[in-house]
Amino acid sequence: HLPQPPRSLARRGRRQPTRGRRQPTRLHPPTHPDRALELPAEPAAMLSARTASPAASLWKRGGGAGARGDGCTSCLEVRRRAAAVAVRAAQPKRVEAVAMESAAETAEVAAEKEVAAAGGGVEDKYGEDRATEELPVTPWAFSVASGYTLLRDPHHNKGLAFTERERDAHYLRGLLPPGVVSQDLQVKKIMHNLRQYKVPLQRYVAMMDLQERNERLFYKLLIDNVEELLPVVYTPTVGEACQKYGSIFRRPQGLYVSLRDKGKVLDVLRNWPERNIQVIVVTDGERILGLGDLGCQGMGIPVGKLSLYTALGGVRPSACLPITIDVGTNNEQLLNDEFYIGLRQRRATGEEYHELMEEFMDAVKQIYGEKVLIQFEDFANHNAFDLLAKYSKSHLVFNDDIQGTASVVLAGLLSSLKVVGGTLAEHTYLFLGAGEAGTGIAELIALEISKQTNAPIEECRKKVWLVDSKGLIVNSRKDSLQPFKKSWAHEHEPVTTLLDAIESIKPTVLIGTSGVGRAFTKEVVEAMASFNERPVIFSLSNPTSHSECTAEEAYNWTQGRAVFASGSPFDPVEHNGKIHVPGQANNAYIFPGFGLGVVISGAIRVHEDMLLAASETLAAQATQENFDKGSIFPPFTNIRKISALIAASVAAKAYELGLATRLPRPRDLEKYAESCMYTPVYRSYR
């Protein structure tokens, strides 16, 4: 039996072995790198002094080395590992003061330092970025994860893909069947299983279970099958998932900040295990897609968005944080649902609501710094505009419903000009819907026209008309309009219906953001086709049931002449022997790459020119081959490359505007963006 290690070394372990499991004759390495920072710093000399303490003489009684006191071979191994632990636990300046055991270890540390600046300057401790793909990593948890614990850790679990050497090194022998399979075979098996489900919600639940079980396999599956699985993890299936979130809830996937936490929001944020957060998606659940107030069950939206930030944009999963602000709900059905998981009270408004939001925003900045991107998602109109206006000057904030939707739709319009001809300023735009999405798109269109023509923004807005629930927005209604609608009130006689507005204004572009299903009737679409050779029709409302018209209706009612795009996906449509592939104006084209660009540049604010740069970059990716098929957007199969290009253009604009803090600027922003992107391939474990 080996003697016990000295207390000075034993203290470096964090967790005792699981009951009933034989304790390995090795020391646990120090805590997770984040937790290691909590330990008091020690001078380098004390690291050596620890191994030479009087208690260390106990280790020499194994004999065998006489005066040198080296001890038995097993003790030597333990001491060697303990010294290596001390080296790895030391701060970078202290590492230089500790002798490394071999030149190979020195080279390895140097290589790790060389790539540590990837991912926006945040250390890649989990080995998630492309720049660290070839380096071996240590599966850190609170200590080195091994055995049964390792198989339950979604960050490091590889299932049957653990090699024979890894199974021996990490005490997995016997805990897994003897077969060893590749990650590609795991992907093939799971896709086979998913395709057996006939109900989309069952696929969603299976995907969420996989994410909780094996994170890298989840993202590998999503990246390799993005066109098939995007509708599963996000719209339209995520809408149904939010409606039934209480029933399908298994494990928390983010943070819940409620009115009960008022005064303690900072403590709530500290409960999240990660500290290097780069992107937060937050919702209060009041306007989930086109489904209305879903309260606390809106958490499915931040979780889904951040899955796409990682899969499509390459932002590390460990750097993403989904948050729901629970201030109650006005949805009576949920309040009476025994499975509802949120506060059972009417929604808080006014001062009570804004005090909680202010405490939350201050706490985020205090704990994560000012370079964390906060994306507001699915807030109701009356709060969305106020929050964006209030915090855009003090925080790095982005509203995907207002700005992300606008950016992707503008990209679609710029792309459609290659089909219908003319410039952006030569077309007339009519919107059905004057909420967050409608006014956000309208403003970005006006900004781009102003940029192209050098005309005042007020003049450019006159090319854009909006219809809300009371009819065309005109000057005579200005006194009764909400503030965010007043810029779009033009001189015109009152018009109450969409069809009358079309016949009066004769727009070349019709855009639906109303959330009212089938609002683009046959008469409306035929009216657009009567005076436009190639009418541009965007039916953007989500989910599919709320789309203003279907792709089939748009093509059939215009004799196949429509340039069509939708918010939710539609299958290809055959008309007169030609296959039309409808484009999807999905925000997922923009926000993942936009977020990556903000992260890698260290931007401290979001500027409208960064959104325009993202739109122009996306529009440039559509090819003649796409146009020939009827689509004005590039296929999602190229989305990782597109996201890298968007990230590079957004970062370049941030540097140009003086908003970037990551200095010096990388010479090749596109290559730098690609090197910072998360890759889900399994790592080799030491």
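Visitor: What is the orientation of α18 and α19 to each other, roughly parallel or oblique?
Guide: This is a predicted model, where local features need pLDDT of at least 70, side-chain atom pairs count only at pLDDT 80 or more, and totals for chains, interfaces and linings use all residues. Residues are numbered from 1 along each chain as its sequence is written, and side-chain values use heavy atoms, with hydrogens and water left out. The two helices pack at about 40°, axes 13 Å apart (axes are lines fitted to C-alpha atoms, for helices over the stretch in contact, and angles run from 0 to 180 degrees between N-to-C directions). Under 35 degrees is roughly parallel, over 145 roughly antiparallel, 65 to 115 roughly perpendicular and the rest oblique, so α18 and α19 are oblique.

Visitor: Which residues of α19 meet α18?
Guide: Helices (H or I, at least four residues) and strands (E, at least two) are DSSP runs numbered from the N terminus, and contact means heavy atoms within 4.5 Å. On the α18 side you have Tyr353, His354, Met357, Glu358 and Met361. They meet, in α19, Asn383, Leu387, Lys390 and Tyr391.

Visitor: And what order do the strands of the five-stranded open sheet have?
Guide: Two strands pair if DSSP finds at least two bridges between them, and the pairing in this sheet is parallel. At the edges, β1 (255-258) and β5 (397-399) each pair on one side only. Putting that together, the order is β1-β3-β2-β4-β5.

Visitor: Which residue is the bridge partner of Ile280 in β3?
Guide: Strands β2 (residues 279-283) and β3 (residues 320-326) run parallel and are joined by five bridges. In β3, Ile280 finds its partner in Leu321.

Visitor: What about the seven-stranded sheet: why do β8 and β14 each have one side without a neighbour?
Guide: The sheet is open, with mixed pairing and the order β8-β7-β6-β9-β10-β11-β14. That leaves β8 (471-472) and β14 (583-584) at the edges, so one side of each lacks a neighbour in the sheet, because each has a single partner strand.

Visitor: Which helix lies across β6, β7, β8 and β9?
Guide: Two helices are worth checking here. Helix α21 (residues 436-453) lies across β6 (429-432) and β7 (464-468), at about 165° to β6. The one across β6, β7, β8 and β9 (509-512) covers residues 498-505 and runs at about 175° to β6: α23.

Visitor: Is the crossing of α16 past α26 left-handed or right-handed, and what is it called?
Guide: Helix α16 (residues 300-311) and helix α26 (residues 591-601) pack at about 70° with axes 8 Å apart, so they are roughly perpendicular. The contact is made by Lys305, Leu308 and Tyr309 of α16 and Phe591, Pro592 and Gly595 of α26. A crossing is left-handed if the near helix is turned anticlockwise from the far one by less than a right angle, and right-handed if clockwise. Here α16 passes α26 in a crossing that is right-handed.

Visitor: Which residues does UniProt list for "active site"?
Guide: UniProt positions are in the numbering used here, feature names are shortened, and annotations may be inferred rather than shown by experiment. This entry is unreviewed, and its two residues are Tyr234 and Lys305.

Visitor: What is the largest C-alpha distance among the "binding site" residues?
Guide: The unreviewed UniProt entry puts that feature at Glu377, Asp378 and Asp401. Glu377 is in the loop between β4 (373-376) and α19 (381-391). The three are spread over 25 residues of sequence yet cluster in space, with a largest C-alpha distance of 6.8 Å.
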